[in-house]
Amino acid sequence: WEGELEGKRIGGFDRLVSAVARTRRQVGENVLLLDAGDLIGDTMLADLTKGESLITALNHLKYDALTFGNHEPDFGTAVLRERMAQADFPFVAANLVDRKSGSLFAAPYIIRNVGGISVGILGLAYPKTPLTTAKENVAEVEFQDPLPAVTRYLPELREAGAEIVIVLSHLGLGGDQRLAEAVPGIDVIVGGHSHNRMAKAEQIGKTLIIQAGAHGSDLGRL
């Protein structure tokens with residue numbers, strides 16, 4: 001690690017496995033384990049295996065959901081579909097569309113029962129992904145504005161019985177802040193992209209925003 005983490009030994013899947021297991025022992029199985037994206041690219045292991053080894057690791061950890069970061073299409077749409085099929089957990093994005101069919105590329109959200117509480121998890125992919133990757137990687141998909149997507153699916157989640165709504169976001173902290181200001185009714189935003197290491201949640205209105213570093217450096221717990 002460099003910068004603020006230079007000389008420190010943090011992160012790594014061995015530590016992550018231990019931290020997740022410890023949390024589950026402490027609070028029981030009523031836990032959601034989420035990843036805000038950039039799993040399939042942007043690290044050596046991901047590049048060497050086109051993300052396959054990372055999906056295997058998250059399967060082992062029994063993740064509940066993942067959204068699409070700007071690195072998810074690094075190896076093209078065909079490989080991305082392979083990784084989605086390999087995963088034992090759902091990819092979610094309410095603003096990622098298949099250009100050919102016009103339908104969503106993945107489920108917009110999932111609903112989980114956690115300790116008797118219905119929790120909706122709505123995914124948001126990074127809308128500027130086409131500016132950060134090769135054109136051929138995203139030729140088959142369209143990254144749409146997240147705000148209309150949330151406005152559309154948030155009421156649908158509530159009508160489906162979600163008592164808590166979590167937005168799993170790859171918008172970056174600034175994008176998450178703007179979303180919380182623009183759309184009331186989101187309980188929690190679990191964010192990514194800007195790699196913020198937050199010691200405590202930020203609150204905007206009634207929405208809590210959290211983020212936990214990058215590349216497996218931290219396990220955020222709310």
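So, the lining of the second largest pocket: by residue class it splits into seven nonpolar, three charged and one polar. Keep in mind that this is a predicted model.

Who's in there? Going along the chain, you've got Y126, P127 and K128, then D145, P146 and L147, and after those L171, G175, R178, L179 and A182. The volume of this second largest pocket comes out at about 230 Å³.

Which helices supply at least two residues each to that lining? That would be α5, residues 146–159, and α6, residues 172–182. Of the contributors, α6 gives the most, with four residues.

Okay, over to a helix pair, α1 and α3. Helix α1 runs over residues 13–27 and helix α3 over residues 52–61, and their axes come within 11 Å of each other. How do they cross? At roughly 20 degrees. Anything under 35 degrees counts as roughly parallel, so that's what we call α1 and α3 with respect to each other. As for handedness, the crossing of α1 and α3 is right-handed.

Now the residues that meet there. On the α1 side we have F13, L16, V17, V20 and R24, and across from them in α3 sit L54, A57, L58, H60 and L61. Sort the residues of that contact by class and you get eight nonpolar, one polar and one charged.

So, two things to look at on screen: the pocket lining, with its seven nonpolar residues and three charged ones, and the α1 and α3 contact, with eight nonpolar residues. That's me done.

Conventions
Residues numbered from 1 in each chain as written. Predicted model: local features only at pLDDT ≥ 70, side-chain atom pairs only at ≥ 80, totals over all residues. Heavy atoms only, no water. Axes fitted to C-alpha atoms, helices over the stretch in contact; angles between N-to-C directions. Parallel < 35°, antiparallel > 145°, perpendicular 65-115°, else oblique. Left-handed = near helix turned anticlockwise from the far one by under 90°. Contact = heavy atoms within 4.5 Å. Nonpolar A, V, L, I, M, F, W, Y, C, P; charged D, E, K, R; others polar. 1 Å grid on protein atoms, 1.4 Å probe; cavity = no way out; pocket = protein on both sides within 12 Å on 5 of 7 lines; lining within 4 Å. Points joined across faces, edges and corners; volume = space filled by probe spheres on them.
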